[in-house]
Amino acid sequence: MGLFSAIKKGLQKTREAILGEIKGIAGQGKVTDEMLEELEERLIKADVGTSAAFLLTDALREEALGKSLSQNEVLDILRSEAERFLVDPPKFEFKGNPHVFLVIGVNGAGKTTTIGKLAKKFADEGHKVMIAAADTFRAAAIEQLEVWAKRSGAEFVRHAEGSDPAAVAFDACQAAKARGCDVVFIDTAGRLQNKDYLMEELAKIVRVLKKIDPSYPHDMMLVLDGNTGQNAINQAKIFHKSFPLTGLVVTKLDGTAHGGSVLSIASSLKVPILWVGMGERIDQLVPFNKAEYVDGLFKE
Ligand SMILES: Nc1nc2c(ncn2[C@@H]2O[C@H](COP(=O)(O)OP(=O)(O)O)[C@@H](O)[C@H]2O)c(=O)[nH]1
Ligand SMILES: [Mg+2]
């Protein structure tokens, strides 16, 4: 990867967008209320989201109101404040035998791809993996998931197109127990245009899983498309309201200019970002690292 981490490399466009906005205003004399207001607007324009823009400018107000700072000093304050409200992913621990992940998120967010990548990681570490095709809405979705399962050598449970997603999840977990799998990933559908129906479908999966074991699912993992900026923030809030999320994956941070949205997702939800997707390839999922991420946003 050279000197730059994958995260910093992928965030180049986001960094250009953010620094482009900050440069015209930071390091130009004293920090005043007008300057802070303008900075907040510009951060929002660069897609860091309203809650993070507020926290960042507020930190600058606390530390530097009335002072003349260089541009680098301003960037340093923003960096350390962002680092303060982000969290590094906790170390993964198996919470069950198998450990069950329910993977949720809107269509196109990258759920299936992320499951494929994670299955490979767990398999490479010597764990036995089960994948459940509980997005039963389209046959193509089931087949796409099966291809990923084959790539990682994971066990795979599917039913026919249009069948009950909860039944697939149930069968996959029973099979995982019988076959001694260490971890289960349950893929789900994400038609948010029919929000009530989707939430009910997911709630039913959870109810049915709890009949096998009340600790299931151990992880409720939301996958968000990092390319969608404010939209990703809104989706995170909608899902988190219906289901207490345990972790987030933000995909497509490679090549986007909207990668700053992660800041607002983290600051408004307080749910750790576990992984970030940095490309379509099976090896392009990396553990979230707040220091690398913050450097990726604010450090030239
Ligand atoms: N560039 C890039 N593309 C991704 C990433 N993750 C997923 N994709 C692509 O996003 C599209 C939708 O992904 P998919 O996993 O099918 O989304 P799902 O509908 O949530 O299951 C596919 O074309 C993926 O290859 C990522 O981290 N980077
Ligand atoms: Mg899918």
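In this predicted model, the structure holds one cavity of 30 Å³ or more. The largest cavity encloses about 30 Å³ of space. Its lining is made up of Arg191, Asn194, Tyr197, Leu198 and Glu201. By class, that lining has two nonpolar, one polar and two charged residues.

Open pockets are described next, with the two largest set side by side.

| Pocket | Volume | Lining residues by class |
|---|---|---|
| Largest pocket | about 430 Å³ | 10 nonpolar, two polar, six charged |
| Second largest pocket | about 210 Å³ | four nonpolar, eight polar, four charged |

The largest pocket has 18 lining residues, and Pro90, Lys91, Phe92, Glu93 and Trp275 are the ones nearest its centre. Two elements, α6 and β7 (273-277), give two or more residues each to this lining. Helix α6 makes the biggest contribution to the largest pocket, with three residues.

The second largest pocket, with a volume of about 210 Å³, is lined by 16 residues, of which Asn107, Gly108, Thr112, Asp135 and Arg138 are closest to the centre. At least two lining residues come from each of α6 and α7 (139-152). Here too α6 gives the most, with three residues.

Helix α6 also takes part in the surroundings of ligand 1. The shell around ligand 1 numbers 17 residues, with Gly108, Lys111, Thr113, Asp254 and Glu280 the closest. Helix α6 (residues 111-124) supplies the largest share of this shell, four residues. Sorted by class, the shell has three nonpolar, nine polar and five charged residues.

Polar contacts to oxygen atoms of ligand 1 involve both backbone and side-chain atoms. From Gly108, a polar backbone atom is 2.7 Å from an oxygen atom of ligand 1. Thr112 places a polar side-chain atom 2.8 Å from an oxygen atom of the ligand, and for Thr113 the corresponding side-chain distance is 2.5 Å. On its own, ligand 1 has 580 Å² of accessible area, and the protein covers 78% of it. Gly108 and Thr112 thus appear in two settings: each has a polar contact with ligand 1, and both are among the residues closest to the centre of the second largest pocket.

Towards the start of the chain, an unreviewed UniProt entry places the feature "domain: Signal recognition particle SRP54 helical bundle" at residues 7-86. In the model, this span is 74% helix and 0% strand, and its end C-alpha atoms lie 15 Å apart.

How values were computed. Residues numbered from 1 in each chain as written. Chains lettered and ligands numbered in written order. Predicted model: local features only at pLDDT ≥ 70, side-chain atom pairs only at ≥ 80, totals over all residues. Heavy atoms only, no water. 1 Å grid on protein atoms, 1.4 Å probe; cavity = no way out; pocket = protein on both sides within 12 Å on 5 of 7 lines; lining within 4 Å. Points joined across faces, edges and corners; volume = space filled by probe spheres on them. Nonpolar A, V, L, I, M, F, W, Y, C, P; charged D, E, K, R; others polar. Near = heavy atom within 4 Å. Polar contact = N/O pair within 3.5 Å; in protein donor to acceptor, adjacent residues only side chain to side chain. Areas by Shrake-Rupley, 256 points an atom, 1.4 Å probe, with all protein chains shown as cover. UniProt positions renumbered as here; feature names shortened; annotations may be inferred.
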